[in-house]
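Student: I'd like to go through this one slowly, asking how each label is earned. Can we start from the picture?

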Amino acid sequence: MRVSLIDDHALVRAGLEALVNGQPGWSVAWSGEDVDEYLAASTKSDVVVLDLSMPGRNGLDLLAEIKHRKPALPVLILSLHDEQHFAIRR
């Protein structure tokens, strides 16, 4: 399982990296805070873990771009915001 981590807090990313890398067969494919760098990297991952609130382009912008480019790629949203304000149920 290759995981991409996109969060603007280095401490959160470090913790998630430790969790992911501690699982047999799992690895961090990409980790960073810059939405445009992630998109430019063309990283091959099996899942994206994404923060919603980031400086510049936010997680919702990136989510739309990911779903446009790779509709089948699962994205897990991490946020302190209430899901009723951001989540769309289908």
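Student: Leaving aside its neighbours within four places in sequence, which residues is serine 4 in contact with?

Tutor: Serine 4 is in contact with Ala29, Trp30, Tyr38, Thr43, Ser45, Val47, Val48 and Val49. Contact here means heavy atoms within 4.5 Å. Before we go on, a word on the ground rules: this is a predicted model, where local features need pLDDT of at least 70, side-chain atom pairs count only at pLDDT 80 or more, and totals for chains, interfaces and linings use all residues. Residues are numbered from 1 along each chain as its sequence is written, and side-chain values use heavy atoms, with hydrogens and water left out.

Student: What is the confidence of the chain, then?

Tutor: The chain averages a pLDDT of 85, and 88% of the residues score at least 70; pLDDT is the predictor's confidence in each residue, from 0 to 100. Confidence is highest in helix α1, at a mean of 96, and lowest in helix α4 (residues 83-86), at 57.

Student: Why is serine 4 called buried?

Tutor: Buried means under 20% relative accessible area, exposed over 50%, and partly exposed in between (1.4 Å probe, protein chains only). Serine 4 has a relative accessible area of 0%, so the residue is buried. Serine 4 lies in strand β1, and four of the five residues in that strand (residues 2-6) are buried. Across the chain, buried residues make up 29% of the 90 residues.

Student: And what makes β1 a paired strand, and with which strands?

Tutor: Helices (H or I, at least four residues) and strands (E, at least two) are DSSP runs, numbered from the N terminus. Two strands pair if DSSP finds at least two bridges between them. Five bridges join β1 to β2 (residues 27-32), and four join β1 to β3 (residues 47-51), so both pairs pass the cut-off. Both pairings are parallel. For serine 4, the bridge partner in β2 is tryptophan 30, while valine 48 stands opposite in β3.

Student: How do you know that serine 4 and serine 45 make a polar contact?

Tutor: A polar contact is a pair of N or O atoms within 3.5 Å; within protein, one must be able to donate a hydrogen and the other to accept it, and residues adjacent in sequence count only if both atoms are side-chain atoms. The side chains of serine 4 and serine 45 are joined at 3.2 Å, so that one fits the definition.

Student: How many aromatic pairs does a search of the whole structure find?

Tutor: The search finds one. The rings of tryptophan 30 and tyrosine 38 have their centres 5.5 Å apart and their planes at 70°, so the pair is edge-to-face. The rule: rings of Phe, Tyr and Trp (its six-membered ring) pair if their centres lie within 6.5 Å; planes under 30 degrees apart count as stacked, over 60 as edge-to-face and the rest as tilted.

Student: Are these two aromatics buried or exposed?

Tutor: Tryptophan 30 is at 14% relative accessibility, so it counts as buried. Tyrosine 38, at 5%, therefore counts as buried too.

Student: And why is threonine 43 called buried?

Tutor: Its relative accessible area is 10%, so threonine 43 is buried. Threonine 43 is found in the loop between α2 (35-41) and β3. Not counting residues up to four places away in sequence, threonine 43 touches Ser4, Ala29, Trp30, Tyr38 and Lys70.
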